[in-house]
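Welcome, and thanks for taking a look at this one with me. Here is a short tour, starting from a single aromatic residue and working outwards.

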Amino acid sequence: DLRDELYEAWKELGILGRIYLAHEGVNAQLSVPEPHWEAFVKNVLENPFFKEIPFKIAVDDGNSFFKLTIKVRKQIVADGLPIDEYDVTNVGVHLDAKSWNDALEKGATVVDMRNHYESEIGKFKGAICPDVETFKEELPEVKKMLEGKEDEQILLYCTGGIRCEKASAYLKHSGFKNVHQLSGGIVKYTSETKELGLKNYFKGKNFVFDNRLSERISEDILSNCHQCGGVSDDHTNCQNLNCNL
């Protein structure tokens with residue numbers, strides 16, 4: 001019912017995007033025509049399910065979506081774990097950009113909770129970046145990589161903060177006592193550093209799951225072309241469906 005209600009209202013406003021609904025929450029990546037922005041915000045905040053929901057404004061504008069898709073899913077992010085494996089509401093401490101920078105400067109352990117093709121084009125300096133392709137693979141891998149650091153300060157980050165909600169809860173359930181996460185992810189962090197005049201410690205590009213494929217955060221190019229080996233951080237969706245990389 002909620003899916004149909006949102007589709008009807010947002011289609012009318014000319015919104016394009018990819019939205020997932022589940023019992024545990026919502027993940028919405030979308031483009032809103034500027035003249036309809038205020039009407040969209042009003043529509044969202046009037047919905048009892050979405051009170052005080054955070055908006056994370058993209059770093060770069062662009063042609064990000066071609067249609068409006070709203071799907072009902074069992075989980076926002078598939079983690080492959082039984083429902084009683086951890087308490088998804090018992091999450092880590094959320095840090096704003098200033099608190100995040102302070103923790104970075106004091107030498108806290110930083111973990112990138114994204115996939116390898118995301119972190120290869122952009123990351124925080126010194127971050128642990130698991131060589132995985134899915135979030136499902138990543139949770140046990142990160143737990144293994146952090147063995148012995150159960151009492152140390154752990155900093156988690158991802159694109160918009162959603163994967164860190166699950167990852168921080170999983171690590172806390174696994175005995176890690178000092179887990180923190182970047183509030184709103186790389187997207188919100190970049191906005192906050194600009195607004196407050198803070199140093200942005202993220203280098204390179206932020207990978208995004210839409211037609212833009214990335215947002216440039218800094219001029220640093222961290223990666224190389226998989227074909228020729230030259231310096232490059234531009235992703236392209238392969239047109240060959242047998243490849244599909």
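Phe-124 counts as buried, because its relative accessibility is 0% and the cut-off for buried is under 20%. Please keep in mind that this is a predicted model.

**Aromatic pairs**

Who keeps Phe-124 company? A search of the whole structure finds 11 aromatic pairs. In one of them, Trp-100 and Phe-124 form a tilted pair, with 5.4 Å from centre to centre and 55° between the planes. Trp-100 lies in helix H3 (residues 97-105) and Phe-124 in strand S6 (residues 122-124), so the pair ties together parts that are 24 residues apart in sequence. Like its partner, Trp-100 is buried, with a relative accessible area of 0%.

Another pair joins Tyr-117 and Phe-207: this one is edge-to-face, with 5.4 Å from centre to centre and 70° between the planes. It links distant parts of the chain, as Tyr-117 is in helix H4 and Phe-207 in strand S9 (residues 202-207), 90 residues apart. The burial of the two partners can be read from their accessibility: Tyr-117 counts as partly exposed at 24%, whereas Phe-207 counts as buried at 6%.

The two pairs are set out here:

| Pair | Geometry | Centre to centre | Angle between planes |
|---|---|---|---|
| Trp-100 and Phe-124 | tilted | 5.4 Å | 55° |
| Tyr-117 and Phe-207 | edge-to-face | 5.4 Å | 70° |

Trp-100 and Phe-124 also belong to one aromatic cluster, together with Tyr-157, Tyr-189 and Phe-202. A ring can have a charged neighbour too: the charged end of Arg-73 sits over the ring of Tyr-20, 3.8 Å from its centre.

**Helix H6 and its surroundings**

How far apart are the end C-alpha atoms of helix H6? Helix H6 has 12 residues (162-173) and, at 1.5 Å a residue, should span 16 Å; the end C-alpha atoms are 17 Å apart, which agrees. Buried residues in H6 are Arg-163, Cys-164, Lys-166, Ala-167, Ser-168, Ala-169, Tyr-170 and Leu-171. Their cover includes helix H4 (116-119), helix H5 (135-145), strand S7 (154-157) and strand S8 (179-182). Just after H6, Gly-175 takes a positive phi of about 100°.

**A strand residue with many contacts**

Thr-109 is found in strand S5 (residues 109-112) and counts as buried, at 11% relative accessibility. Leaving aside neighbours within four places in sequence, Thr-109 is in contact with Ile-128, Leu-146, Lys-149, Glu-152, Gln-153, Ile-154 and Leu-155.

**The second largest pocket and two positive phi values**

About 1,100 Å³ of space lies in the second largest pocket. Its lining has 34 residues, and the closest to the pocket centre are Leu-213, His-235, Thr-236, Asn-237 and Leu-245. Strand S1 (16-22), strand S3 (68-72) and H4 each supply at least two residues of this lining. S1 gives the most, with three residues.

Leu-213 deserves a second look for its backbone. Its phi is near 70°, a positive value in a residue other than glycine. Leu-213 is found in the loop between S9 and strand S10 (214-216), and is buried, with a relative accessible area of 12%.

Is Glu-52, which also has a positive phi, buried or exposed? Glu-52 counts as exposed, at 78% relative accessibility. Phi of Glu-52 is near 60°, and the residue has its place in the loop between helix H2 (37-45) and S3.

Definitions and conventions
Residues are numbered from 1 along each chain as its sequence is written. This is a predicted model: local features need pLDDT of at least 70, side-chain atom pairs count only at pLDDT 80 or more; totals for chains, interfaces and linings use all residues. Side-chain values use heavy atoms; hydrogens and water are left out. Helices (H or I, at least four residues) and strands (E, at least two) are DSSP runs, numbered from the N terminus. The expected span of a helix is 1.5 Å times one less than its number of residues. Buried means under 20% relative accessible area, exposed over 50%, partly exposed in between (1.4 Å probe, protein chains only). Contact means heavy atoms within 4.5 Å. Rings of Phe, Tyr and Trp (its six-membered ring) pair if their centres lie within 6.5 Å; planes under 30 degrees apart count as stacked, over 60 as edge-to-face and the rest as tilted. A charge sits over a ring if NZ of Lys or CZ of Arg is within 6 Å of the ring centre and within 35 degrees of the ring normal. On a 1 Å grid over the protein atoms alone, a cavity is a set of points where a 1.4 Å probe fits but cannot get out, and a pocket is an open set with protein on both sides within 12 Å along at least five of seven lines; lining residues have an atom within 4 Å of a point. Grid points are joined across faces, edges and corners, and a volume is the space filled by probe spheres set on the points.
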